[in-house]
Amino acid sequence: MATQATVQHEILQLKHIPPLSISATRLLEAASDPEVEVDYIANIIDQDPPLSARILGMANAAYFMGTQPVYTTKEAIIRVLGLNLVKGLALSMAMTGSIDTRKCSNFDLTSYWSQALGCAVLSRMIALKIEPRHQPNLDGLYLCGLLQNLGMLVLAYLFPHPLSAVLAEIKEHPDADVLTLEELHIGINHIAIGEQLAIRWHLPEMVIHTIAGLNHDNHPNIYSTETMLISRTAAWANQYLTKRKSGLKNDTLLSQLEGVDESILAKIEEQFHNQCSELQATARMLN
């Protein structure tokens, strides 16, 4: 088993992890610019044909699509997805696209994207109901949802066989704690790796602190609401998508949010449940 110090050294040095692509670097810069224009984002995406194809695929998917097909990235942004949503989706796809997980036999990339999309969508649905004065940044929250499991890809890439053993054990015992098992088999967990990568890749502060807060209960966090939302919705999205549990309305932490109660959570639960199959179909396009 690799020691935690060894794994952390590998992550911090990033010697064996592909660097960010040009598209990811440019999108990361654009993500922090509130004044960025549609044409600029569309141009970045169009210069990366695989990324452009996936954005167009999502825009034409049943989950997002309107009545008319979409043929260009700019059209996808203006008519269907919206600029901020495309920034988040494109950035997450460009960042993860160069990490090859195929050697990890029990790692399912569609399941990874299903959980990431599910967390992003569900957290945003709940956040929209929070009283405006307490409402987190919705686009930042969506990006946090997409990237909260980023470290899992790195584990699948750097330590495919130990992670495969973890995933096999989780399949046999779905209620087992995945972070504990990762630390036992590998020496570090995927949240800790995600935090290190977020720092190294200079992701937005909200993403860094939210991921860090998922792994450290005492993390000094000005994004405590965002961290709680991502933590709870990541767990619920995974349970819904694997058809293991329901009962979002009974989540006492979420029901304490200003403007959110059991009846609202029950409606969100029903809406999310009805979208699960379409979310999974969308996730398959991201492979």
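Helices in this tour are DSSP runs of H or I with at least four residues, numbered from the N terminus. With that numbering in hand, you can find your way around this predicted model.

**Getting oriented**

Colour the chain by secondary structure to begin. You will find 15 helices and zero strands. Of the 287 residues, 50% count as buried. Switch on the surface if you like: its accessible area comes to about 13,500 Å², and carbon and sulfur atoms account for 51% of that. Among contacts with a separation of 6 or more, 65% are between residues 24 or more positions apart.

**Stop 1: Asn189 and its surroundings**

Select Asn189, which sits in the loop between α11 and α12. Is this loop residue buried or exposed? Asn189 is buried, with a relative accessible area of 1%. Show side chains here and look for Glu183: a polar contact of 2.7 Å joins its side chain to that of Asn189. Leaving out residues up to four places away in sequence, Asn189 touches Leu155, Leu179, Glu182, Glu183 and Asn215.

Follow the last of those contacts to Asn215, in helix α13. Asn215 counts as partly exposed because its relative accessibility is 22%, and the buried class ends under 20%. Beyond its neighbours within four places in sequence, Asn215 is in contact with Leu179, Asn189, Ile191 and Ala192. For a distance to draw, try the C-alpha atoms of Asn215 and Thr227: they are separated by 10.0 Å, and the two residues are twelve residues apart along the chain.

**Stop 2: helix α8**

Next, select residues 138-147, which make up helix α8. How many of its ten residues are buried? Nine of them are, leaving the helix mostly covered. The buried set consists of Leu138, Gly140, Leu141, Tyr142, Leu143, Cys144, Gly145, Leu146 and Leu147. To see what covers them, show the neighbouring helices, which include α6 (83-96), α7 (109-127), α9 (150-158), α13 (205-215) and α14. Then zoom in on the start of α8, where a side-chain oxygen of Asn137 comes to within 3.1 Å of the backbone nitrogen of Asp139.

**Stop 3: the aromatic pairs**

Now show the rings of Phe, Tyr and Trp. The structure holds four aromatic pairs. Tyr112 and Trp113 make an edge-to-face pair, because their ring centres are 5.4 Å apart and their planes stand at 80 degrees. Tyr112 counts as buried at 4% relative accessibility, and Trp113 does too, at 3%. Add Phe107 to the selection and you have one aromatic cluster of Phe107, Tyr112 and Trp113.

Another pair to pick out is Tyr240 with Phe272. Their ring centres lie 5.7 Å apart with the planes at 70 degrees, so this pair is edge-to-face. Tyr240 belongs to helix α14 (residues 224-241) and Phe272 to helix α15 (residues 262-285), so the pair ties together parts that are 32 residues apart in sequence. Both Tyr240 and Phe272 are buried.

**Stop 4: Ala237**

Stay on helix α14 and select Ala237. Ala237 is buried, with a relative accessible area of 0%. What does Ala237 touch, not counting residues up to four places away in sequence? The list is Gln115, Gly118, Cys119, Leu122 and Phe272, and Phe272 is the ring you met beside Tyr240. Measure across to Ser114 as well: the C-alpha atoms of Ala237 and Ser114 are separated by 8.4 Å, although the residues are 123 residues apart along the chain.

**Stop 5: the largest pocket**

Turn to the largest pocket, which has a volume of about 1,300 Å³. It is lined by 36 residues, and those nearest its centre are Gln115, Ile170, Val178, Asn238 and Arg244. Two or more lining residues come from each of α7, α10 (160-172), α11 (178-185), α12 (190-200), α14 and α15. Which element gives the largest share of the lining? That is α14, with eight residues.

**Last stop: Ser23**

Finish at Ser23 in helix α2 (residues 22-31). Ser23 is buried, with a relative accessible area of 10%. Display its contacts beyond four places in sequence and you will see Ile44, Asp48, Leu51 and Ala94.

Notes: Residues are numbered from 1 along each chain as its sequence is written. Side-chain values use heavy atoms; hydrogens and water are left out. Rings of Phe, Tyr and Trp (its six-membered ring) pair if their centres lie within 6.5 Å; planes under 30 degrees apart count as stacked, over 60 as edge-to-face and the rest as tilted. Buried means under 20% relative accessible area, exposed over 50%, partly exposed in between (1.4 Å probe, protein chains only). Contact means heavy atoms within 4.5 Å. A polar contact is a pair of N or O atoms within 3.5 Å; within protein, one must be able to donate a hydrogen and the other to accept it, and residues adjacent in sequence count only if both atoms are side-chain atoms. Accessible areas come from the Shrake-Rupley method with a 1.4 Å probe; for residues, only the protein chains shown count as cover. On a 1 Å grid over the protein atoms alone, a cavity is a set of points where a 1.4 Å probe fits but cannot get out, and a pocket is an open set with protein on both sides within 12 Å along at least five of seven lines; lining residues have an atom within 4 Å of a point. Grid points are joined across faces, edges and corners, and a volume is the space filled by probe spheres set on the points.
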